[in-house]
Amino acid sequence: MTTDTEELVEAPAEHDADHIKHPTPKQYWLIALILAVITAFEIAVPSISAFDGWLRVFLLFFLGGVKFAMVVALFMHLKFDKPLYRAFFIIGLVGAIAMFVVVLLTFRAI
Amino acid sequence: MSDVAVTDLDHTEHADHHDVKPVRKTAMWVFLGSECVFFGAMISTFLLYRNTTNGGPGSEIFDIPFTSASSFVLLMSSLTMVLAHNAFEKSDMRQTRIWLSGTALLGATFLAGQIFEFTEFIDKGLTLPRSPFGSSFYMLTGFHGMHVALGVILLAAMAVLSLSGRLYDDRGLNVELVGLYWHFVDIVWIVIFTVVYLLQI
Amino acid sequence: MTAQVQTIRSPGDRGVWAWITTVDHKRIGLLYAVSAAAFFFIGGLEALLVRTQLLGPNLEVLSAEAYNQLFTMHGLTMVFLVVMPIAAAFTNYFLPILIGARDVAFPRLNAFSYWLFIFSGLLIYSSFFLGGAPDGAWVGYAPLSTQLTEVVRMDFWTIGLSTLGISSIAASANFIATAFTMRAPGMTMLRMPVFAWMSLVVAFLLIFSLPSVAIGLFQLFLDRNFGALFYAADAGGDPLLWQHLFWIFGHPEVYVLVLPAMGIVSEVLPTFARKPLFGYPFVVFSGAAIGFIGFGVWSHHMFTSGMGPIAEAGFGVATMIIAVPTGVKIFNWIGTIWGGKIKFNTPMLFSLAFVAMFVIGGLSGVTHAVVPSDTQQHDTYYVVAHFHYVLFGGAVFGYVSGVYYWFPKWTGRKLNETLGKIHFWLALIGFNLTFGPMHVLGLNGMPRRTYRYPEGLGWANWNAVATIGAYTILVAFLVFAWNIVRTHYLNKGERVGNDPWDGRTLEWTIPSPPPVHNFDETPIVHSLDDFWHQKYAENEEGRAVRMPAVTGAADDQGDIGRADHGTPEGIHMPSPSYYPALASLGIAITGGGLVYLPWGFAAIGVGVVVMLWGLFGWSLEPVTKEH
């Protein structure tokens, strides 16, 4: 199914430096597997009574954050791409979180 | 003076104007940064109204096993998307087409699941005009669903275009850019699944 | 030189169709400029009607209904259809030239932004003929804006602003990509002219602030048309959420309006003081700092909404802090003209007036940062006075200065100086007569957006003065319009060469008006104010001395020494395309349908098909077609 054998024989000269560092299809499958395992754990968290309270909130945010970061860094290649793109995305992400946390705080909603 | 110019030439990232790809990717990442604020506004509206049910149904009607399954489908569509991009980079059009179609199919499955979920919730009395909770829930998930639908259309269009060999690197509609968009739609759902579903039960 | 330009434009480049399909950033810039000028006169007329109604106590020039529509449309027009597009006009025309590029990063997206802007403007203005214009103020506070459901008026506003937002986001992404990827060799970020920098900051402000208001507008739309309850207090909704979503956009927006004007002033002052800009990095970084801090001050518009002392103190302090980078800029401008050989021509006068008026507006702005003081001033004419000092005496004077400064580049002719000075003095006097008294009126308690006021409150005299001032501004801008018509259309202006002002930046190295491809040869940049350093060297005393004919480009006679390089046929410029206009027409039709739900669904269907046709045709067509 995968094309990893082709990937190995691929001559580096045919691609610019950006693409050599990208994961191989095998690694993509592995990443997806990790994501699936995290998701399974996430779904289980609410039903485990030992995690009630703040620990549950923390765990859900943490696991969701790991998945988010993995997709952005590896599938969207932000880890390998120009720092400029990272800056654009992080400004938007952090800015949005900061502003809307303040909004929710003024409503005393969180 | 001239040696300054030479060193600067090396430091100018995009001295070559014909290199179109980074130009498009730059704009795409700017747009995705902007989209963060879009979804940030909607998610915080939902958080503000998460308990404002106005006497109607609240988060207790969520069907977590079902939503988990459709979340998983969308998550896996990110894998097929990245494989499509990988195949496209290697000019393997057949593999590209297969993975593009697979991604579109998974996206359509997610959408079907969302439509089913919406009809279930409407049966249980949760509608847009029922409560601020309902309004913000449907707006957030509906807006995300519209993003998925647009992605499915783009993916299907690219799969069709690849049949006649008209899938190019240097057009607005290309595998890498649509891929970035698609992964973004996926990570937004990761956040929605955590914040809207898992945290509210 | 003009002859050379004509050889470049083939006969197919003329006529209406050529303007509809154009992807040339200069033509799109001119389209923005002309549209903004038209809306400026419409918006000004609305203001005059409002001022006439307020001439004396208890007047009834307009009905209350018409009054509400006029002040709403005045604000909406001036912010979204005048100042933003005139900034877009300058950015379109000069951002690529100032950084040594042949066009913006996405020429067709650029055309799309323009057409979506003009269609949105026409959509909003069609409301006057379709049952009435929006009348809930440009800020459209819920629940006022959600309760007026018996008419479609506020839907023109929710939909029109949303499509304008799409246009601005597209334009901003385009400008960011241009500034980051299209710079000429040697044009490092810190060699970009200040105007290019301010355009870049503005693009970031729009990209990260517009989504917030777009979501708010969509929520209002759902509340009004589909019974959603986002802002319905009786169902637990909170109307204050709208104020947050609006001002998260709305405050960065005021910097969007004024920063490009600051950029223009930072180009004009050094040119006519014949000195380099004092502290270039400070001007650039304080502009960026204004943009950044601008995202953290939105709630100072909401000090009377009861957010609690902690939030109010925090936002008050943030608002005071943002005055610091603004002050840095003021001092840099003063430092620039200090000891310079100042030439008091019209562009310089408007730039100097910008600095002076902006200081007044900035100082009254700081008084809003003090919460108890702001509580007194909130919703009074004092606020109206404040933001007109920054946005009219500030931003508009800056843009007018830019028009006088760059008009020779656009047309090859200088605007008349005498008429320009008449325009300047009438505008300056009229402006201060109109808005100066409003400080007093506001502190005496006159509320803004008020239709009538009774006798005996001591407001009558100052209101009469303000109205007289408003008519003076009208006369001033009629002189301006006559100056442009006379110079350009009646061909009476003085013809000039490439470099009429002895300028410092790249636009003065190319012919006036510039050829389609801007630069015959992509310039190589060696320093900030590169063109100046090509023309002048410093002697031992640090004085600028003209170098003996370094390049022909410095000469007013034309581009000697360059004409033999690169014919236009040899440079591949993007081909004209009608798809961008088609796609934006589709969006506008869809928007029109959304206003008239439920029977607008038919229009939505048509609009979506047209839009998809445009978008797919666009994304499949190559950028440069073989002829």
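A salt bridge, as counted here, is a side-chain nitrogen of Lys or Arg within 4 Å of a carboxyl oxygen of Asp or Glu. With that rule in hand, here are some close-ups of this predicted model.

**View 1. Where the two domains of chain A meet.** The domain assignment splits chain A into domain 1 (4–79) and domain 2 (82–110). Across the interface of these two domains of chain A, the rule finds zero salt bridges. What you can look for instead is a set of contacts: four residues of domain 1 of chain A are in contact with four residues of domain 2 of chain A. Together the two domains of chain A bury about 370 Å², and carbon and sulfur atoms account for 73% of that.

**View 2. Chain A by itself.** How many helices and strands does chain A have? There are five helices and zero strands, so if you follow chain A from the N terminus, the elements read α-α-α-α-α. Chain A has 110 residues, and 44% of them count as buried. Take the contacts in chain A with a separation of 6 or more: 44% of them are between residues 24 or more positions apart. As for the outside, the accessible surface of chain A comes to about 5900 Å², with 73% belonging to carbon and sulfur atoms.

**View 3. Chain A against chain B.** Here 44 residues of chain A are in contact with 46 residues of chain B. The area buried between chain A and chain B is about 4100 Å², and carbon and sulfur atoms give 76% of it. Which residues pair up in a salt bridge here? The count between chain A and chain B is one, and the partners are B:Lys25 and A:Asp81, with their closest N and O atoms 2.8 Å apart.

**View 4. Chain A against chain C.** Turn to chain C, and you'll find 17 of its residues in contact with 11 residues of chain A. Chain A and chain C bury about 1100 Å² between them, with 86% of it on carbon and sulfur atoms. Salt bridges between chain A and chain C number zero.

**View 5. The largest nonpolar core.** This core holds 292 residues. Which of them touch the most other members? They are A:Phe89, B:Phe137, C:Phe80, C:Phe90, C:Phe354, C:Phe397 and C:Phe477. Helix 4 (residues 64–98) of chain C gives the most to this core, 22 residues in total. Domain 1 (4–79) and domain 2 (82–110) of chain A both give residues as well, so the core lies between them.

**View 6. Around C:Phe397.** Zoom in on one of those phenylalanines, C:Phe397, and skip its neighbours within four places in sequence. Its contacts are then C:Phe350, C:Ala353, C:Phe354, C:Met357, C:Phe392, C:Ala427, C:Leu428 and C:Phe431. Apart from the largest core lies another one, of seven residues, including C:Leu123, C:Phe156, C:Phe221 and C:Leu597.

**View 7. A loop of chain C and its charged pairs.** The loop in question runs between strand 2 (494–495) and helix 17 (530–535) of chain C. C:Asp499 sits in that loop and C:Lys535 in helix 17 of chain C, and their side chains meet in a salt bridge (2.6 Å, N to O). That pair therefore ties together parts that are 36 residues apart in sequence. Both C:Asp499 and C:Lys535 are buried.

C:Arg504 and C:Asp529 form a salt bridge too, their closest N and O atoms being 3.1 Å apart. Both lie in the loop between strand 2 and helix 17 of chain C, so the pair ties together parts 25 residues apart in sequence. C:Arg504 and C:Asp529 are both buried. There is also a network of salt bridges, linking C:Arg274, C:Asp499, C:Asp502, C:Lys535 and C:Arg546.

**View 8. C:Thr509.** Is C:Thr509 buried or exposed? Its relative accessible area is 4%, which makes it buried, because buried means under 20%. C:Thr509 is found in the loop between strand 2 and helix 17 of chain C. The C-alpha atoms of C:Thr509 and C:Trp410 are separated by 14 Å, and the two residues are 99 residues apart along the chain.

**View 9. C:Lys26 and C:Asp24.** The side chains of these two residues meet in a salt bridge, 3.2 Å from N to O. Both C:Lys26 and C:Asp24 are buried. Over all chains, the rule counts 15 salt bridges.

How values were computed: Residues numbered from 1 in each chain as written. Chains lettered and ligands numbered in written order. Predicted model: local features only at pLDDT ≥ 70, side-chain atom pairs only at ≥ 80, totals over all residues. Heavy atoms only, no water. Core = buried A, V, L, I, M, F, W, Y, C linked by side-chain atoms within 4.5 Å. Buried < 20%, exposed > 50% of the residue type's maximum accessible area, 1.4 Å probe, protein only. Helix = DSSP H or I, 4+ residues; strand = E, 2+ residues; numbered from the N terminus. Domains from an automatic or database assignment. Contact = heavy atoms within 4.5 Å. Areas by Shrake-Rupley, 256 points an atom, 1.4 Å probe, with all protein chains shown as cover. Buried area = accessible area lost by both parts, 1.4 Å probe.
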